[in-house]
Amino acid sequence: MQWVEAIVHTTTKGSDLVSDLLMRCGAMGTQVMDRADVEAAKQENTAWELFDANMMRKMPEDVLVKGWFAEDDRHNLDTLAEQLAALKTQPEDIALGKLSLEVATVADDDWAESWKRYYKPFRVGRHLIVKPTWEPYRDEDGDIVIEMDPGMAFGTGTHETTNMCLILLEKYMVNGMRVMDIGTGSGILAIAAAKLGADKVLAVDVSPDAVKVAQENIARNGVQGNTRAAKGDMVRDEAMECDLVAANIVAGAICVLAEPIKKFLHPGGYFICSGIIAEREKDVLTALKDSGYAVLDRLVQGEWVALCARREQ
């Protein structure tokens, strides 16, 4: 089968917005190629030693966001072009770059496999190792290895928002906790919680594709005995009483959920939230304070912030 590869030129700050636009226009998957990701990994001393040393030199100057569409899906491609043109005319909250669009026809295996050469095993925090299923890795003493195949779901662990969630999970998880992962994507946070000693984990996502991928990754990591992925709209359809909630979503959703989550989060329980663009941090801090949380921890990577708050009231 032939596919159409759509390539949008943007910026680091614009990459998430463009990736989301591609998916909303019907892309079967996306890939972000950004030199800043490699440089950040090098500076953070996390994944750099496991990357190909030639990777930076091979990467494009612009930030490229790629999406793949069925060859006969001209309507969605036309919609994408219209949406990009509309974005160019709007006042910019953040610099989005050229927003130029290129299209090319690729074979089935090309789009499905091309991004994998940039996804290598890497360490997060002290003990967590995120390892793609197709890459070899020799465990060191104390390593907790998470096998991942993100498929068409968000959450390889390389993005700053997921990376910081993993660091906070490792820091605040205690054996025997019950954990909810809201907006689970690939299931990476739920799996990490299970491997860090959670007694029971519920992973929820609104996307059936994400739930399917999460279920596969949960089984692949052998934690299906105490970890379940289900389709649900945040905490309305699927929820359970818990000691810790992880939500790697967006600032607006965190603000909305801060109060309702208390129905399920025990007093003294932790709310780890990420996906917060720096400009929206104050909004999240206000919502957490108004809902009776005390912020215990704050991490920053690039333009992103992650918080760990404790339910006080």
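In the predicted model, the protein chain is built from ten helices and 14 strands. Of the 313 residues of this chain, 51% count as buried. Contacts that reach far along the sequence are a marked part of the picture: among contacts between residues at least 6 apart in sequence, 68% join residues that are at least 24 apart.

The nonpolar interior was examined next. In soluble globular proteins, nonpolar side chains tend to be buried together. The largest nonpolar core of the model has 39 residues, and the members that touch the most other members are Leu166, Leu169, Met173, Val179 and Leu244. The element that gives the most to this core is helix H7, which spans residues 188–195 and supplies seven residues. Another core, which lies apart from the largest one, consists of 26 residues, among them Met180, Cys242, Val284 and Ala309. Within the largest core, Met173 offers an example of how one residue can be linked to several parts of the chain: when residues up to four places away in sequence are not counted, Met173 touches Val179, Ala193, Leu196, Gly197, Ala198 and Leu244.

Two pairs of packed helices were then described. Two packed helices are described by the angle between their axes and the distance between the axes. The first pair to be considered is formed by helix H6, which covers residues 160–172, and H7; these helices pack at an angle of about 15°, and their axes are 10 Å apart. Because angles under 35 degrees count as roughly parallel, H6 and H7 are roughly parallel to each other. Their crossing is right-handed. On the side of H6, the contact is made by Thr162, Cys165, Leu166 and Leu169, while H7 contributes Ile188, Leu189, Ala192 and Ala193. Leu166 and Leu169 thus appear in this contact, and both are also listed among the residues that touch the most other members of the largest core.

The second pair consists of helix H1, with residues 15–24, and helix H4, with residues 74–89, whose axes come within 10 Å and cross at roughly 150°. Since angles over 145 degrees count as roughly antiparallel, H1 is roughly antiparallel to H4. The crossing of H1 and H4 is right-handed. The residues that make this contact are Leu17, Leu21 and Leu22 of H1, together with Leu80, Gln83, Leu84 and Leu87 of H4.

Several single residues complete the description. Thr161 has its place in helix H6, and with a relative accessible area of 3% it is buried, because buried means under 20%. Thr161 and Ala306 are separated by 145 residues in sequence, yet their C-alpha atoms are 6.9 Å apart in space. A further pair of this kind involves Val204, which lies in strand S9, residues 200–205. Val204 is buried, with a relative accessible area of 1%, and although 29 residues separate Val204 from Asp233 in sequence, the distance between them in space is 7.7 Å, taken from C-alpha to C-alpha.

Leu99 is found in the loop between H4 and strand S4, the latter being residues 101–107. Leu99 has a positive phi of about 55°, although Leu99 is not a glycine. This loop residue is buried as well, with a relative accessible area of 3%.

Finally, the cysteines were considered. A disulfide is a covalent bond between the sulfur atoms of two cysteines. The structure holds zero disulfides. Cys25 is buried, with a relative accessible area of 5%, and Cys242 is likewise buried, with a relative accessible area of 0%. Cys242 is one of the members of the core of 26 residues, whereas Cys165 takes part in the contact of H6 with H7.

Conventions
Residues numbered from 1 in each chain as written. Predicted model: local features only at pLDDT ≥ 70, side-chain atom pairs only at ≥ 80, totals over all residues. Heavy atoms only, no water. Disulfide = S-S within 2.5 Å. Buried < 20%, exposed > 50% of the residue type's maximum accessible area, 1.4 Å probe, protein only. Core = buried A, V, L, I, M, F, W, Y, C linked by side-chain atoms within 4.5 Å. Helix = DSSP H or I, 4+ residues; strand = E, 2+ residues; numbered from the N terminus. Contact = heavy atoms within 4.5 Å. Axes fitted to C-alpha atoms, helices over the stretch in contact; angles between N-to-C directions. Parallel < 35°, antiparallel > 145°, perpendicular 65-115°, else oblique. Left-handed = near helix turned anticlockwise from the far one by under 90°.
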